[in-house]
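Me: Hi, I'm new to this one and would like a friendly walk through it. Could you pull it up?

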Amino acid sequence: MKIAVLGTGNVSKALGCRWAQCGHAVYFGARDPSSAESQQVLARAGANARLGTCAEAIAASEAILLGIPFDQTRAVLAAAPSLDGKIVMDCINPLTPDLQGLTVGHTTSAAEQIAEWFPTARVVKAFNTLSAATMENPRYGDCDAHVFICGDDEAAKTAVKQLARDLAFDPIECGPLKLARQLEP
């Protein structure tokens, strides 16, 4: 699958590099593709990865992983040529700057907001309950770490479940997108 991985922080690096290493075409989207951090992520990801702006990565993808802060998400996605029909994997927890709470939650969620802003995108909540260390190594003894998934598009959820399995996660179906408000807190 062609996957845009937005951001080059710990979450994006862990998932994007692993997808590239297992054969997916990964296009990292960065605020500054020439930065040392971005170049290090690209080098680690290997031959199946590319690097450019977020808009370039989105344009070249079938699926998008949001590994950016929630307060930047709307502007970054709005700058893309189109999200029509693309799977948007939201792994964001919309934390306050002091990390003491959520900027949205309980009566809505970041995932629901993204789906409202971009109604032609196929938003799936996934990967937000895992640490970057677990994303790097999802094994706990004899068990694979769970990835809780919710969304309203069944085909998009099926694709995200397969992407989770490709990285040795155990995907758990959690229902419709409105249940993201339970997964984010």
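Me: Thanks! What does the accessible surface of the protein come to, and what share belongs to carbon and sulfur atoms?
Reply: The accessible surface is about 8400 Å², and carbon and sulfur atoms hold 51% of that. Keep in mind that this is a predicted model.

Me: Got it. How many helices and strands are in there?
Reply: The protein has eight helices and ten strands. Its radius of gyration is 15 Å, close to the 16 Å that the globule rule gives for 185 residues, so the protein is as compact as a globular protein of that length. The C-alpha trace spans about 45 × 40 × 35 Å along the principal axes.

Me: And what percentage of the residues count as buried?
Reply: Of the 185 residues, 50% count as buried. As for contacts with a separation of 6 or more, 67% come from residues 24 or more positions apart.

Me: Let's try one residue. Where does Ser12 lie, and is it buried or exposed?
Reply: Ser12 is in helix α1, which covers residues 10-21. Ser12 is buried, with a relative accessible area of 1%.

Me: What does Ser12 touch?
Reply: Leaving out residues up to four places away in sequence, Ser12 touches Val5, Leu6, Gly7, Cys17, Phe28, Leu65 and Gly67.

Me: Now cysteines. How many disulfides does a search of the whole structure find?
Reply: Zero. Take Cys150: the nearest cysteine sulfur, in Cys174, is 6.4 Å away, and Cys150 is in no disulfide. A disulfide would need the two sulfur atoms within 2.5 Å.

Me: Why is there no bond for Cys143?
Reply: Because the closest cysteine sulfur, again that of Cys174, is 17 Å from the sulfur of Cys143, too far for a bond.

Me: Are those two cysteines, Cys143 and Cys150, buried or exposed?
Reply: Cys143 is partly exposed, at 49% relative accessible area, whereas Cys150 is buried, at 0%.

Me: Switching topic: what about Thr107, where is its place?
Reply: Thr107 is in the loop between β5 (87-90) and α5 (110-117). Thr107 is exposed, with a relative accessible area of 64%. Its C-alpha atom is 6.8 Å from that of Arg181, although 74 residues separate the two along the chain.

Me: Last one: how many positive and negative side chains does the protein have?
Reply: There are 16 positive and 20 negative side chains, and the centres of the two sets lie 3 Å apart.

Notes: Residues numbered from 1 in each chain as written. Predicted model: local features only at pLDDT ≥ 70, side-chain atom pairs only at ≥ 80, totals over all residues. Heavy atoms only, no water. Buried < 20%, exposed > 50% of the residue type's maximum accessible area, 1.4 Å probe, protein only. Helix = DSSP H or I, 4+ residues; strand = E, 2+ residues; numbered from the N terminus. Rg over C-alpha atoms; globule rule 2.2 N^0.38 Å. Contact = heavy atoms within 4.5 Å. Areas by Shrake-Rupley, 256 points an atom, 1.4 Å probe, with all protein chains shown as cover. Lys, Arg positive; Asp, Glu negative; His and termini not counted. Charge placed at Lys NZ, Arg CZ, Asp CG, Glu CD.
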